Amino acid sequence: MTSGDPAGPPAAATVTVLIATPLEAGQADRIAAADSRVSVIYEPDLLPVPRYQADHAGRPRDLSRAALARWSDLRARADVSFDFDWQDPGQMAANCPRLRWVQGTSAGLGGFLERTGLARTKLVITTAAGVHGVPLAEFAMLGLLYFVKDVPRLRRSQQGRRWEPHHTRQLAGTSALLVGLGGIGREVARLLAAAGVEVVGAGRPGRCYDVPGVTRYVADTELDAALPGADALVLACPLTERTRHLIGARQLGLLPEGAVLVNVSRGPVIDEPALAAALRSGHLGGACLDVFETEPLPDGSPLWALDNVLVSPHSASTVAAENRLITDLFIDNLRRWLTGAPLRNVYDRAAGY
């Protein structure tokens, strides 16, 4: 998605970029080298400590009063911010008086922007849409193969040291209903089609789509008619008011017995108690889940204990190359900003993504 009015700076202006998220060595230097008009502020000792590579939340530091004052001064100087203020994102419009644009590090920012109130500010916000498509598509493929090849049975047999020949299914020749045809959905369609899966794409009503690998399209308001023919349901759509609990007990019941569900969108797209019930009853063959209604997934959730569920801690998109890829996107957008060209992935407040 682009914006026709990026509201960039005058041609001769210097732009101060605050890097508000930990990056690996060299990424900040790449941003500074993007254009002679760019001045980069990057003080990682003031940022949360990453728990793993490409961790954009991190563990909070115990900063002194002087260090906190330093951070307050730095953010007040920023024209552009690479990620949101870790200390008080909802007050960025007030705490960063020069700020005009924030580049996010996630594709799905709608819920966060609504919770913090940033969706109601005049800040230009761009997402990281497209960066996470390949790893999430690989995760979706993993989820389907995990159940089609009955990995839970293999694990049980191995743990019991039982040699039990059996048959499984093949993925090729099955059908998948793919809800969401953006950057993630396009990568999912590409991989599944290459594996011989017939992919039916579900998108917004009235829109025309041309997604390689998709054999036909339905509106996401017509899911009930498409679900009975789907061996798998893959959710890759953004969370908006129209997609919240898009998949409930009725939709799950319309899937064929033994169907597999993969969710790489957002947890609230599914009615989670209805999902747990469909899995416990055996109507659903399995669910591969990277996202949940409440995160971290509560200890008391029945999803933890079900053998036909694969739980991922919202980490399927996090790969070692993530920060490099987001930096590539940011540099491209920064150059666009400096020249007054349309930005990529501008958050659409009306659509919610």
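**A tour of helix H2, the H5–H7 pair and Ser317**

Start at helix H2 and select Arg65 and Ala66, which are exposed on one side of H2, across from its buried residues. Keep in mind throughout that the model is predicted.

Now select Ala67, Trp71, Leu74 and Arg75, the buried residues in H2. They lie on the same side of H2, because the arc they cover around the axis is only 95°. An α-helix has 3.6 residues a turn, so residues three or four places apart point the same way. To see what covers the buried residues of H2, add strand S1 (15-19), strand S2 (38-41) and helix H3 (92-95), which are included in that cover.

Before leaving, show the whole of H2, residues 65-76. Its twelve residues should span 16 Å at 1.5 Å a residue, and the end C-alpha atoms are 17 Å apart, which agrees.

Next, select helix H5 (residues 133-148) together with helix H7 (residues 183-194). Their axes are 8 Å apart and they pack at an angle of about 50°; H5 and H7 are therefore oblique to each other. The crossing in which H5 passes H7 is right-handed. For the residues that meet, pick from H5 a set including Gly133, Leu136, Ala140 and Leu144, and from H7 a set including Gly183, Val188 and Leu191.

Last, go to Ser317, in the loop that runs between strand S12 (309-311) and helix H11 (322-339). Is Ser317 buried or exposed? Its relative accessible area is 14%, and under 20% counts as buried, so Ser317 is buried. Leaving aside residues up to four places away in sequence, Ser317 touches His132, Pro135, Leu136 and Glu322. Leu136 was also among the H5 residues that meet H7.

Methods:
Residues are numbered from 1 along each chain as its sequence is written. This is a predicted model: local features need pLDDT of at least 70, side-chain atom pairs count only at pLDDT 80 or more; totals for chains, interfaces and linings use all residues. Side-chain values use heavy atoms; hydrogens and water are left out. Helices (H or I, at least four residues) and strands (E, at least two) are DSSP runs, numbered from the N terminus. Buried means under 20% relative accessible area, exposed over 50%, partly exposed in between (1.4 Å probe, protein chains only). Contact means heavy atoms within 4.5 Å. The expected span of a helix is 1.5 Å times one less than its number of residues. The arc is that of the directions from the helix axis to the C-beta atoms. Axes are lines fitted to C-alpha atoms, for helices over the stretch in contact, and angles run from 0 to 180 degrees between N-to-C directions. Angles under 35 degrees count as roughly parallel, over 145 as roughly antiparallel, 65 to 115 as roughly perpendicular and the rest as oblique. A crossing is left-handed if the near helix is turned anticlockwise from the far one by less than a right angle, and right-handed if clockwise.
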